[in-house]
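I am opening a notebook on a structure that is new to me. I will look up the sheet, then the core, then the surface.

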Amino acid sequence: WIAGITALLFSAAIVYYARKENRHLVKSFRLQLERDDLLQLTALLNEKLQKENRELAHRAAVRGMSIEHARERAGRLEALFENSLLPQIECDGSGNVVACNRAALRTLGVGHRDIAGRPFASYLVGPNAASKATAGAQAPVSVAIEIRGRDGLPHACTASFTPLPSTEGMRPGYAVILSGLDVPAEVK
C-alpha cells in the first residue's frame with residue numbers, strides 16, 4: 001500500500017505541476033500576443049509621429065522663413081522711408097505728426113523732437129490749410145499745397161496723401177509725400 005500511496009501522490013504532483021505549467025504557458029503566450037500587438041501599435045504610432053514631426057518642422061521652417069522675410073522687408077521699407085529724397089510724413093487720425101524722414105526734417109527746418117506730436121496743418125500756409133492737411137485721411141489724393149520751409153517762406157508743392165489702414169498693430173492715420181518743392185538749392 002505504500003507503493004500505491006506514493007504512486008497516487010506522484011500522479012497528483014504530476015497533475016498539479018502540469019496545471020501550473022499550463023497556466024504559466026497560457027499566461028506567457030497571452031503576454032507575448034499583447035506585446036506583439038503593442039509593438040505593432042507602437043510602430044504605427046511612431047510612424048505617425050514622425051510624419052507629424054516632419055510636417056511641423058516644415059511648417060516651422062516656412063514660418064521662420066516668412067518671419068525672416070517680413071523682418072527683411074520691414075527693414076528695407078524703413079530704410080527706403082528714412083533715406084528717401086522726398087519728404088515723407090506719417091500722421092495719426094487726428095492729423096498730428098507721428099514720424100517723418102530726414103528729408104522732411106530738412107525741408108521744414110525742424111528736429112525730430114520738435115515735429116513729433118504737432119499738427120501737420122501747422123506747417124501749411126494759406127487758406128484752408130487745416131482742411132488740406134487731412135485731405136487724404138479717407139482716400140488717396142494729391143493736393144497742391146504751400147508748405148512753410150526752413151527759411152520761413154511758403155513753398156508750393158504737391159502733397160500725395162495715402163490713408164493708412166486701421167489694422168491690428170497699426171494705428172489709423174495717413175502718410176504724406178511732398179513732391180515738386182520749389183525750395184531754393186541753398187535751403188535744400
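In what order do the six strands form the open sheet? I read the order as β2-β1-β6-β5-β4-β3, with antiparallel pairing. Strands here are DSSP E runs of at least two residues, helices H or I runs of at least four, both numbered from the N terminus. Two strands pair if DSSP finds at least two bridges between them.

This is a predicted model, where local features need pLDDT of at least 70, side-chain atom pairs count only at pLDDT 80 or more, and totals for chains, interfaces and linings use all residues. Residues are numbered from 1 along each chain as its sequence is written, and side-chain values use heavy atoms, without hydrogens and water.

I checked the edges next. β2 and β3 (124-125) each have a single partner strand, so one side of each lacks a neighbour in the sheet. β1 and β2 are joined by three bridges. In that pair, I89 stands opposite C100 in β2.

Then I followed I89 inward. The largest nonpolar core (buried Ala, Val, Leu, Ile, Met, Phe, Trp, Tyr and Cys joined through side-chain atoms within 4.5 Å) has 21 residues. Buried means under 20% relative accessible area, exposed over 50%, partly exposed in between, with a 1.4 Å probe and protein chains only. I89, F120, I147, V176 and L178 touch the most other members. Elements giving two or more residues include β1 (88-92), α2 (102-108) and β6 (173-179).

Last, I looked at I2. I2 lies in helix α1 (residues 2-83). I2 counts as exposed because its relative accessibility is 58%.
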